[in-house]
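Student: I should like to take a close look at a single part of this protein, namely the pairing of its strands. Could you please describe that part carefully and then show how it sits within the rest of the molecule?

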Amino acid sequence: MAIVALACAALVCSCGSKGKITEGNHGTLDSLSYCLGANIGGGIKQQLGDIPFDIEVVKKGIKEGITNKAGQTHDEAVDILREFFSQTLSERRSAYQEAAAADTTAVFQVFETAEECEKVSYAFGNDIGNNVLRGNFPIQYYWLLKGFQDAHEESTELSQSDIMGYLQKYFMVIRPTEAAERSAKWIEKKAKGFGAKTTESGLVYKVVKAGDMEKAAKSDEDVVKVHYVGKLQDGTVFDASRFENRSKEQQEMIRTSNPSLFDEKGNLIEAEEPIEFPLDHVIKGWTEGMKLVGPGGKIILYIPAELAYGARGAGRNIGPNEALEFEVELIEVKPVTVEEPVAEVEATTTEE
(Lines give C-alpha, C1' and ligand atoms only; values in the text may rest on other atoms or scores of the structure.)
Protein backbone atom coordinates (compact mmCIF):
# COMPACT_ATOMS: atom_id res chain seq x y z
CA MET A 1 0.00 0.00 0.00
CA ALA A 2 1.47 3.33 -1.06
CA ILE A 3 0.41 5.02 2.18
CA VAL A 4 2.50 2.75 4.35
CA ALA A 5 5.32 2.79 1.81
CA LEU A 6 5.73 6.52 2.51
CA ALA A 7 6.67 5.69 6.09
CA CYS A 8 8.67 2.55 5.39
CA ALA A 9 10.38 3.24 2.08
CA ALA A 10 13.80 3.82 3.58
CA LEU A 11 13.65 0.70 5.69
CA VAL A 12 11.88 -2.23 4.05
CA CYS A 13 14.76 -3.40 1.92
CA SER A 14 15.52 -6.63 0.16
CA CYS A 15 16.87 -9.51 2.18
CA GLY A 16 17.95 -12.99 1.27
CA SER A 17 16.70 -15.16 4.10
CA LYS A 18 13.66 -14.99 6.29
CA GLY A 19 14.05 -13.15 9.57
CA LYS A 20 12.85 -14.77 12.76
CA ILE A 21 9.76 -13.22 14.37
CA THR A 22 9.57 -13.46 18.17
CA GLU A 23 7.83 -11.60 20.97
CA GLY A 24 11.16 -10.62 22.53
CA ASN A 25 12.40 -10.05 26.06
CA HIS A 26 10.44 -7.14 27.56
CA GLY A 27 13.36 -6.24 29.79
CA THR A 28 16.05 -6.02 27.09
CA LEU A 29 15.74 -3.42 24.34
CA ASP A 30 16.04 -4.80 20.82
CA SER A 31 17.49 -1.85 18.93
CA LEU A 32 16.50 -2.93 15.43
CA SER A 33 12.86 -3.65 16.30
CA TYR A 34 12.47 -0.52 18.42
CA CYS A 35 14.10 1.81 15.89
CA LEU A 36 12.15 0.30 13.00
CA GLY A 37 8.88 0.67 14.88
CA ALA A 38 9.71 4.23 15.93
CA ASN A 39 10.65 5.19 12.39
CA ILE A 40 7.41 3.79 10.96
CA GLY A 41 5.33 5.37 13.73
CA GLY A 42 7.06 8.73 13.37
CA GLY A 43 6.65 8.72 9.61
CA ILE A 44 2.95 7.96 9.85
CA LYS A 45 2.40 10.66 12.46
CA GLN A 46 4.21 13.16 10.28
CA GLN A 47 2.46 12.28 7.02
CA LEU A 48 -0.94 11.04 8.21
CA GLY A 49 -1.29 12.91 11.48
CA ASP A 50 -4.73 14.19 10.50
CA ILE A 51 -6.15 10.65 10.36
CA PRO A 52 -7.56 9.72 13.81
CA PHE A 53 -6.62 6.05 13.73
CA ASP A 54 -7.38 3.90 16.76
CA ILE A 55 -3.74 3.24 17.65
CA GLU A 56 -4.50 0.21 19.79
CA VAL A 57 -6.34 -1.38 16.87
CA VAL A 58 -3.50 -0.43 14.52
CA LYS A 59 -1.03 -2.13 16.88
CA LYS A 60 -3.25 -5.21 16.97
CA GLY A 61 -3.24 -5.28 13.18
CA ILE A 62 0.56 -4.93 13.08
CA LYS A 63 1.07 -7.76 15.56
CA GLU A 64 -1.37 -10.11 13.85
CA GLY A 65 -0.06 -9.19 10.41
CA ILE A 66 3.57 -9.80 11.31
CA THR A 67 2.77 -13.12 13.00
CA ASN A 68 0.48 -14.33 10.19
CA LYS A 69 -2.55 -14.38 12.51
CA ALA A 70 -4.57 -11.57 10.96
CA GLY A 71 -8.31 -11.92 10.57
CA GLN A 72 -7.98 -10.86 6.93
CA THR A 73 -5.51 -11.44 4.12
CA HIS A 74 -3.02 -8.76 3.17
CA ASP A 75 -4.84 -8.26 -0.14
CA GLU A 76 -8.11 -7.71 1.73
CA ALA A 77 -6.42 -5.13 3.95
CA VAL A 78 -5.01 -3.31 0.94
CA ASP A 79 -8.41 -3.30 -0.76
CA ILE A 80 -9.99 -1.75 2.34
CA LEU A 81 -7.33 0.95 2.50
CA ARG A 82 -7.43 1.66 -1.22
CA GLU A 83 -11.21 2.09 -1.18
CA PHE A 84 -11.14 4.30 1.90
CA PHE A 85 -8.25 6.60 1.01
CA SER A 86 -8.71 6.73 -2.76
CA GLN A 87 -12.50 6.92 -2.87
CA THR A 88 -14.40 7.29 0.40
CA LEU A 89 -12.17 9.90 2.02
CA SER A 90 -11.87 11.87 -1.20
CA GLU A 91 -15.65 11.99 -1.64
CA ARG A 92 -16.08 12.85 2.03
CA ARG A 93 -13.66 15.80 1.77
CA SER A 94 -15.46 17.11 -1.31
CA ALA A 95 -18.85 16.88 0.42
CA TYR A 96 -17.45 18.71 3.45
CA GLN A 97 -16.05 21.53 1.34
CA GLU A 98 -19.46 22.05 -0.26
CA ALA A 99 -21.18 21.96 3.13
CA ALA A 100 -18.63 24.35 4.67
CA ALA A 101 -19.22 26.85 1.91
CA ALA A 102 -22.86 27.11 3.02
CA ASP A 103 -22.39 26.49 6.74
CA THR A 104 -19.24 27.69 8.50
CA THR A 105 -20.07 25.53 11.53
CA ALA A 106 -19.78 22.31 9.50
CA VAL A 107 -17.31 19.82 10.99
CA PHE A 108 -15.28 17.40 8.92
CA GLN A 109 -15.18 13.82 10.16
CA VAL A 110 -12.61 11.40 8.73
CA PHE A 111 -14.53 8.42 10.09
CA GLU A 112 -18.30 8.52 10.30
CA THR A 113 -18.62 5.62 12.76
CA ALA A 114 -16.49 3.84 15.34
CA GLU A 115 -16.88 0.66 13.31
CA GLU A 116 -15.40 2.33 10.25
CA CYS A 117 -12.48 3.65 12.27
CA GLU A 118 -11.78 0.19 13.66
CA LYS A 119 -12.02 -1.44 10.24
CA VAL A 120 -9.59 0.97 8.59
CA SER A 121 -7.23 1.06 11.58
CA TYR A 122 -6.94 -2.73 11.65
CA ALA A 123 -6.37 -2.94 7.90
CA PHE A 124 -3.74 -0.21 8.20
CA GLY A 125 -1.92 -2.11 10.93
CA ASN A 126 -2.20 -5.39 9.02
CA ASP A 127 -0.64 -3.72 5.99
CA ILE A 128 2.26 -2.41 8.09
CA GLY A 129 2.79 -5.81 9.69
CA ASN A 130 2.84 -7.57 6.34
CA ASN A 131 5.27 -5.04 4.86
CA VAL A 132 7.64 -5.50 7.80
CA LEU A 133 7.23 -9.27 7.53
CA ARG A 134 8.14 -9.14 3.85
CA GLY A 135 11.27 -7.24 4.75
CA ASN A 136 12.49 -10.45 6.44
CA PHE A 137 13.91 -8.71 9.48
CA PRO A 138 14.71 -10.55 12.73
CA ILE A 139 11.93 -8.78 14.62
CA GLN A 140 10.86 -8.79 18.26
CA TYR A 141 7.34 -7.49 17.90
CA TYR A 142 7.07 -6.30 21.51
CA TRP A 143 9.82 -3.75 20.80
CA LEU A 144 8.52 -2.95 17.31
CA LEU A 145 5.12 -2.06 18.77
CA LYS A 146 6.68 -0.14 21.66
CA GLY A 147 8.75 1.93 19.25
CA PHE A 148 5.64 2.56 17.16
CA GLN A 149 3.61 3.61 20.24
CA ASP A 150 6.39 5.81 21.65
CA ALA A 151 6.80 7.61 18.32
CA HIS A 152 3.05 8.21 18.18
CA GLU A 153 3.21 9.71 21.67
CA GLU A 154 6.42 11.61 20.79
CA SER A 155 8.25 10.03 23.73
CA THR A 156 10.80 7.64 22.22
CA GLU A 157 13.56 6.20 24.39
CA LEU A 158 16.11 7.21 21.75
CA SER A 159 16.52 10.51 19.94
CA GLN A 160 15.54 10.77 16.28
CA SER A 161 19.19 11.08 15.28
CA ASP A 162 20.08 7.95 17.28
CA ILE A 163 17.20 6.04 15.68
CA MET A 164 18.21 6.99 12.15
CA GLY A 165 21.88 6.50 12.94
CA TYR A 166 21.28 2.95 14.13
CA LEU A 167 19.10 2.06 11.16
CA GLN A 168 21.67 3.45 8.74
CA LYS A 169 24.40 1.42 10.42
CA TYR A 170 22.24 -1.70 10.40
CA PHE A 171 21.38 -1.56 6.72
CA MET A 172 24.73 -0.26 5.50
CA VAL A 173 27.09 -2.29 7.70
CA ILE A 174 25.56 -4.89 10.02
CA ARG A 175 23.13 -6.60 7.65
CA PRO A 176 25.50 -6.79 4.64
CA THR A 177 28.24 -8.23 6.89
CA GLU A 178 25.87 -10.83 8.33
CA ALA A 179 24.68 -11.73 4.84
CA ALA A 180 28.23 -12.15 3.55
CA GLU A 181 29.12 -14.50 6.41
CA ARG A 182 25.90 -16.49 5.99
CA SER A 183 26.37 -16.75 2.23
CA ALA A 184 29.95 -17.97 2.56
CA LYS A 185 28.89 -20.75 4.94
CA TRP A 186 26.02 -21.71 2.64
CA ILE A 187 28.29 -21.95 -0.41
CA GLU A 188 30.81 -23.99 1.58
CA LYS A 189 28.07 -26.43 2.57
CA LYS A 190 26.78 -26.76 -0.98
CA ALA A 191 30.31 -27.41 -2.26
CA LYS A 192 30.46 -30.53 -0.05
CA GLY A 193 27.20 -31.91 -1.42
CA PHE A 194 27.01 -35.10 -3.47
CA GLY A 195 27.97 -34.48 -7.09
CA ALA A 196 28.89 -30.83 -6.53
CA LYS A 197 31.91 -29.28 -8.23
CA THR A 198 33.58 -25.91 -7.76
CA THR A 199 35.24 -23.75 -10.41
CA GLU A 200 38.26 -21.50 -9.91
CA SER A 201 35.98 -18.49 -9.53
CA GLY A 202 34.13 -20.15 -6.63
CA LEU A 203 30.99 -21.10 -8.55
CA VAL A 204 29.51 -24.34 -7.20
CA TYR A 205 27.48 -26.42 -9.61
CA LYS A 206 25.84 -29.78 -10.02
CA VAL A 207 25.14 -31.19 -13.48
CA VAL A 208 21.84 -33.06 -13.39
CA LYS A 209 21.92 -33.85 -17.10
CA ALA A 210 24.90 -32.99 -19.30
CA GLY A 211 23.06 -32.40 -22.59
CA ASP A 212 24.92 -32.08 -25.90
CA MET A 213 28.29 -30.70 -24.81
CA GLU A 214 29.49 -30.38 -28.42
CA LYS A 215 26.92 -27.60 -28.79
CA ALA A 216 27.60 -25.99 -25.40
CA ALA A 217 28.07 -22.22 -25.20
CA LYS A 218 31.69 -21.15 -25.65
CA SER A 219 31.55 -17.39 -25.97
CA ASP A 220 30.17 -14.81 -23.55
CA GLU A 221 28.28 -13.43 -26.53
CA ASP A 222 26.44 -16.68 -27.24
CA VAL A 223 22.68 -16.56 -26.75
CA VAL A 224 20.96 -19.21 -24.62
CA LYS A 225 17.31 -20.22 -24.40
CA VAL A 226 16.35 -21.55 -20.97
CA HIS A 227 13.74 -22.31 -18.36
CA TYR A 228 14.85 -21.61 -14.79
CA VAL A 229 13.94 -21.30 -11.13
CA GLY A 230 15.80 -18.84 -8.88
CA LYS A 231 15.84 -19.46 -5.12
CA LEU A 232 17.11 -17.74 -2.01
CA GLN A 233 19.18 -19.69 0.50
CA ASP A 234 16.09 -20.70 2.48
CA GLY A 235 14.45 -22.16 -0.62
CA THR A 236 12.13 -19.22 -1.31
CA VAL A 237 11.50 -18.84 -5.05
CA PHE A 238 12.17 -15.23 -6.04
CA ASP A 239 11.95 -15.72 -9.80
CA ALA A 240 11.00 -18.39 -12.33
CA SER A 241 10.37 -18.60 -16.06
CA ARG A 242 7.37 -20.91 -15.59
CA PHE A 243 4.23 -19.73 -13.83
CA GLU A 244 3.83 -23.04 -12.00
CA ASN A 245 7.21 -22.59 -10.30
CA ARG A 246 6.50 -19.13 -8.92
CA SER A 247 5.34 -18.51 -5.36
CA LYS A 248 1.61 -18.34 -4.64
CA GLU A 249 1.92 -14.62 -4.01
CA GLN A 250 3.63 -14.05 -7.37
CA GLN A 251 1.04 -16.20 -9.14
CA GLU A 252 -1.80 -14.19 -7.64
CA MET A 253 -0.16 -10.92 -8.64
CA ILE A 254 0.20 -12.15 -12.22
CA ARG A 255 -3.40 -13.33 -12.33
CA THR A 256 -4.59 -9.96 -11.03
CA SER A 257 -2.47 -7.83 -13.35
CA ASN A 258 -2.92 -10.00 -16.48
CA PRO A 259 -6.33 -11.77 -16.23
CA SER A 260 -6.51 -12.25 -20.01
CA LEU A 261 -3.70 -14.82 -19.78
CA PHE A 262 -5.86 -17.25 -17.80
CA ASP A 263 -9.00 -19.29 -18.35
CA GLU A 264 -12.02 -19.40 -16.02
CA LYS A 265 -10.26 -21.92 -13.76
CA GLY A 266 -7.18 -19.72 -13.39
CA ASN A 267 -4.97 -21.82 -15.68
CA LEU A 268 -2.67 -20.29 -18.29
CA ILE A 269 -4.22 -20.27 -21.73
CA GLU A 270 -0.96 -20.54 -23.64
CA ALA A 271 2.24 -22.43 -22.85
CA GLU A 272 5.12 -20.28 -21.62
CA GLU A 273 8.07 -19.77 -23.92
CA PRO A 274 11.65 -20.22 -22.66
CA ILE A 275 13.64 -17.11 -21.77
CA GLU A 276 16.35 -16.04 -24.22
CA PHE A 277 19.37 -13.82 -23.52
CA PRO A 278 23.05 -13.33 -24.40
CA LEU A 279 25.47 -14.58 -21.74
CA ASP A 280 27.23 -11.22 -21.42
CA HIS A 281 23.95 -9.64 -20.22
CA VAL A 282 23.56 -11.65 -17.01
CA ILE A 283 25.36 -12.14 -13.69
CA LYS A 284 28.82 -13.72 -13.79
CA GLY A 285 27.64 -16.96 -12.23
CA TRP A 286 25.20 -17.47 -15.10
CA THR A 287 27.74 -16.53 -17.75
CA GLU A 288 30.15 -19.15 -16.45
CA GLY A 289 27.58 -21.76 -15.47
CA MET A 290 25.84 -21.93 -18.85
CA LYS A 291 29.08 -23.13 -20.44
CA LEU A 292 29.13 -26.18 -18.17
CA VAL A 293 26.07 -27.86 -19.69
CA GLY A 294 24.85 -28.50 -23.22
CA PRO A 295 21.47 -28.04 -24.92
CA GLY A 296 18.98 -30.53 -23.53
CA GLY A 297 20.81 -30.53 -20.22
CA LYS A 298 19.99 -29.37 -16.73
CA ILE A 299 22.27 -27.80 -14.12
CA ILE A 300 21.98 -26.42 -10.59
CA LEU A 301 24.10 -23.35 -9.86
CA TYR A 302 25.04 -22.24 -6.35
CA ILE A 303 26.30 -18.76 -7.00
CA PRO A 304 28.46 -16.84 -4.47
CA ALA A 305 27.41 -13.24 -3.87
CA GLU A 306 30.41 -11.85 -5.76
CA LEU A 307 29.30 -13.77 -8.86
CA ALA A 308 25.66 -12.73 -8.35
CA TYR A 309 24.52 -9.21 -7.42
CA GLY A 310 27.29 -8.46 -4.93
CA ALA A 311 27.01 -5.73 -2.34
CA ARG A 312 24.27 -3.87 -4.20
CA GLY A 313 21.68 -6.67 -4.16
CA ALA A 314 18.76 -6.61 -6.59
CA GLY A 315 15.19 -5.48 -6.07
CA ARG A 316 13.13 -6.30 -3.01
CA ASN A 317 14.06 -9.96 -2.65
CA ILE A 318 17.82 -10.12 -3.12
CA GLY A 319 19.76 -8.26 -0.48
CA PRO A 320 23.43 -7.25 -0.38
CA ASN A 321 25.97 -10.08 -0.37
CA GLU A 322 23.40 -12.81 -0.97
CA ALA A 323 24.39 -16.14 -2.52
CA LEU A 324 21.73 -17.62 -4.79
CA GLU A 325 20.60 -20.92 -6.27
CA PHE A 326 19.41 -21.42 -9.83
CA GLU A 327 18.04 -24.58 -11.40
CA VAL A 328 18.37 -24.22 -15.17
CA GLU A 329 17.16 -26.25 -18.13
CA LEU A 330 19.18 -25.32 -21.20
CA ILE A 331 16.95 -25.58 -24.26
CA GLU A 332 19.15 -24.13 -26.98
CA VAL A 333 22.44 -22.34 -27.60
CA LYS A 334 22.76 -19.84 -30.44
CA PRO A 335 26.49 -19.29 -31.07
CA VAL A 336 27.58 -15.76 -31.81
CA THR A 337 28.18 -15.27 -35.51
CA VAL A 338 31.49 -13.76 -36.42
CA GLU A 339 31.64 -12.13 -39.79
CA GLU A 340 34.71 -12.97 -41.81
CA PRO A 341 36.67 -9.87 -42.77
CA VAL A 342 36.28 -8.94 -46.42
CA ALA A 343 39.59 -9.24 -48.20
CA GLU A 344 40.69 -5.98 -49.74
CA VAL A 345 41.50 -6.22 -53.42
CA GLU A 346 44.21 -3.88 -54.51
CA ALA A 347 43.04 -1.73 -57.36
CA THR A 348 45.15 -1.91 -60.52
CA THR A 349 45.30 0.49 -63.39
CA THR A 350 46.20 -0.25 -66.96
CA GLU A 351 48.10 2.29 -68.90
CA GLU A 352 47.40 2.48 -72.57
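Tutor: Strands β8 and β9 run antiparallel and are joined by six bridges. One of the pairs to look for is Y302, whose bridge partner in β9 is E325. The model in which you see these strands is a predicted one.

Strand β9 also pairs with β5, again in the antiparallel sense, and here there are nine bridges. Within this pairing, K225 has E332 of β9 as its bridge partner. These two residues appear once more when the side chains are considered, for K225, E276, E332 and K334 are linked in a network of salt bridges. K225 and E332 are thus bridge partners across two strands and also members of a salt-bridge network.

Strand β5, which covers residues 223-231, has a further partner: it pairs with β6, residues 237-240, in the antiparallel sense over three bridges. In this pairing G230 is matched with D239 of β6. The two strands form a hairpin with five residues between them, and in this hairpin G235 takes a positive phi near 95 degrees. You may therefore follow the chain of partners from β8 to β9, from β9 to β5, and from β5 to β6.

Let us next consider what leads into strand β9. The loop between β8 (298-303) and β9 (324-334) contains E322. The side chain of E322 meets that of R182 in a salt bridge, with a distance of 2.4 Å from N to O. R182 belongs to helix α7, so this pair ties together parts of the protein that are 140 residues apart in sequence. Are the two partners buried or exposed? E322 counts as buried because its relative accessibility is 4%, which is under the 20% limit. R182 has a relative accessible area of 28% and is partly exposed.

Helix α7 spans residues 160-191. Another salt bridge to examine is that of E188 with K192, where the closest N and O atoms are 3.8 Å apart. E188 is partly exposed, with a relative accessible area of 45%, whereas K192, at 66%, counts as exposed.

A salt bridge within one helix offers a useful contrast with the pair of E322 and R182. The side chains of D79 and R82 meet at 3.2 Å, N to O. Both residues lie in helix α4, and because they are three residues apart there, about one helical turn separates them. D79 counts as partly exposed at 44% relative accessibility, and R82 is likewise partly exposed, with a relative accessible area of 44%. A search of the whole structure finds 16 salt bridges.

We may now turn to the nonpolar interior. In soluble globular proteins, nonpolar side chains tend to be buried together. The largest nonpolar core here has 38 residues, of which F53 and I128 touch the most other members. The elements that give two or more residues to this core are α2 (31-47), α3 (55-66), α4 (74-102), α5 (114-134), α6 (141-152) and α7 (160-191). Apart from this core lies another, of 25 residues, including L203, Y205, V224 and L232.

Two individual residues may complete the tour. S33 lies in helix α2 and counts as buried, its relative accessibility being 0%. Leaving aside residues up to four places away in sequence, S33 touches P138, I139, Q140, W143 and L144. N258, in turn, is found in the loop between α8 (248-257) and β7 (275-278). N258 counts as partly exposed, at 35% relative accessibility, and its side chain is joined to that of S257 by a polar contact of 3.1 Å.

Finally, here is the setting of these parts in the protein as a whole. The protein has nine helices and nine strands, and buried residues make up 41% of its 352 residues. Its radius of gyration is 27 Å, while a compact globule of 352 residues would have one near 20 Å. Taken along the principal axes, the C-alpha atoms fill a box of roughly 105 × 60 × 55 Å. Among contacts between residues at least 6 apart in sequence, 77% join residues at least 24 apart.

Key:
Residues are numbered from 1 along each chain as its sequence is written. This is a predicted model: local features need pLDDT of at least 70, side-chain atom pairs count only at pLDDT 80 or more; totals for chains, interfaces and linings use all residues. Side-chain values use heavy atoms; hydrogens and water are left out. A nonpolar core is a set of buried Ala, Val, Leu, Ile, Met, Phe, Trp, Tyr and Cys residues joined through side-chain atoms within 4.5 Å. Buried means under 20% relative accessible area, exposed over 50%, partly exposed in between (1.4 Å probe, protein chains only). Helices (H or I, at least four residues) and strands (E, at least two) are DSSP runs, numbered from the N terminus. A polar contact is a pair of N or O atoms within 3.5 Å; within protein, one must be able to donate a hydrogen and the other to accept it, and residues adjacent in sequence count only if both atoms are side-chain atoms. Contact means heavy atoms within 4.5 Å. A salt bridge is a side-chain nitrogen of Lys or Arg within 4 Å of a carboxyl oxygen of Asp or Glu. Two strands pair if DSSP finds at least two bridges between them. The radius of gyration is taken over C-alpha atoms; the globule rule is 2.2 Å times the number of residues to the power 0.38.
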